[in-house]
Amino acid sequence: MRSLVYVFTSALALAAAHPAMAEGKLTVYTYESFTSEWGPGPQVEKAFEAECGCDLEFVSVADGVALLSRVKLEGASTKADIVLGLDTNLTAEAKATGLFAPHGAASNDVKVPGDWKDDIFVPYDYGYFAVVYDTEKLKNPPKSLKELVEGNPEEKIAIQDPRTSTPGLGLLLWVKSVYGDKAPEAWAKLKGRVLTVTPGWSEAYGLFTKGEAPMVLSYTTSPAYHMVAENTERYQAAPFEEGHYVQIEVAGITTTGAKNPLAEKFMAFMTGPGFQDVVPETNWMLPAGKTDKPLNPAFDKLVKPAKTLLFSADEVAANRKAWVDEWLGVMSK
């Protein structure tokens, strides 16, 4: 495989030296952890450029909600051909902008919880939100959302802002799906346990691994990273009795990208092994499309939610602002 990588790299270097040889450019907006050196971005970029003979450029922002905000701000003049990193909680709002185009048949090979399908957005991975805890610092982790809300305020958790972060929005919807109209009271109780609210996932998880808090809002799949990359089972996800809120991450072609033939090529590539084999051990999520290799055995040790929680995209679109304002009203006091 190294020889193939060498051939691909040499070809790319040659194309860079002779721009006429490259077959155009594709610009993909995504989130920061995707494009980090340990994220999927670098491997995806190499694999797709080798296949298309083109230039793939990633442009990153803090997190998924910030992605949608940026595209809305740029409007029809956006440089993005593809937006990768929204989730199903944002798709109805994204569609309403009129800035995205139908994807064709790119979603035929994907399978996610609830068999979620859409004519604009294509899933590329999914995972379940979870409270991840440090077993060396927390001997009795919460067994439910209720125990998290009502637990010892000295045992802190780092969470993300639902205005900028898809995990932050996920926690807000998780609380709302369990507590309903009583969500403000739940947030008021939980507030005392919150160490900080970060703009994106990376900042919160970084604080957690540095020992600033014994808990962090992340995913049931996060412990797999520590098992595979660090050979430790120190960090674990707590199974919650009420179930776990699922996140299905998606990508969509913009109206700008609809004019770029590379956009459809990338969407087809995204649902195949060249992309999907990279996802589990770089984005640390579950693959939504076809893979050529089985998941690492570490994934068999992960929490398997007894119940999947998910609001419809339309319900989130209709209520997101009110629910975020409700959260802000409690957390800012």
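1. Buried residues of helix H13. In this predicted model, the buried positions of H13 are Ala313, Val316, Arg320, Trp323, Val324, Trp327, Val330 and Met331. An α-helix has 3.6 residues a turn, so residues three or four places apart point the same way. Note that the buried set includes an arginine, Arg320, as well as two tryptophans, Trp323 and Trp327.

2. Length and bend of H13. The helix covers residues 313-331, which is 19 residues. At 1.5 Å a residue the expected span is 27 Å, and the C-alpha atoms at its two ends lie 25 Å apart, so the two values agree. H13 is nevertheless kinked: the bend is about 55 degrees and is centred on asparagine 319. Anyone describing H13 should give the kink at asparagine 319 together with the end-to-end distance of 25 Å.

3. The disulfide. How many disulfides does a search of the whole structure find? The search finds 1. The bond joins cysteine 52 to cysteine 54, with an S to S distance of 1.9 Å. The link is left-handed, with -75 degrees about the S-S bond. Cysteine 52 and cysteine 54 are both buried.

4. Glycine 289. This residue sits in the loop that runs between strand S11 (286-287) and strand S12 (308-309). Is glycine 289 buried or exposed? Its relative accessibility is 16%, and because buried means under 20%, glycine 289 counts as buried. Setting aside neighbours within four places in sequence, the contacts of glycine 289 are Asp109, Val110, Thr271 and Gln276. Threonine 27 is 262 residues away from glycine 289 along the chain, and the C-alpha atoms of the two are 22 Å apart.

5. Overall fold. The protein contains 13 helices and 12 strands. Its radius of gyration is 20 Å, close to the 20 Å that the globule rule gives for 333 residues, so the protein is as compact as a globular protein of that length. Taken along the principal axes, the C-alpha atoms fill a box of roughly 60 × 45 × 30 Å.

6. Burial, contacts and surface. Of the 333 residues, 53% count as buried. Among contacts with a separation of 6 or more, 77% are between residues 24 or more positions apart. The accessible surface of the protein is about 14,600 Å², and carbon and sulfur atoms account for 53% of that area.

How values were computed:
Residues are numbered from 1 along each chain as its sequence is written. This is a predicted model: local features need pLDDT of at least 70, side-chain atom pairs count only at pLDDT 80 or more; totals for chains, interfaces and linings use all residues. Side-chain values use heavy atoms; hydrogens and water are left out. A disulfide is a pair of cysteine sulfur atoms within 2.5 Å. Buried means under 20% relative accessible area, exposed over 50%, partly exposed in between (1.4 Å probe, protein chains only). Helices (H or I, at least four residues) and strands (E, at least two) are DSSP runs, numbered from the N terminus. The expected span of a helix is 1.5 Å times one less than its number of residues. The bend at a residue is the angle between axes fitted to the seven residues ending there and the seven starting there. The radius of gyration is taken over C-alpha atoms; the globule rule is 2.2 Å times the number of residues to the power 0.38. Contact means heavy atoms within 4.5 Å. Accessible areas come from the Shrake-Rupley method with a 1.4 Å probe; for residues, only the protein chains shown count as cover.
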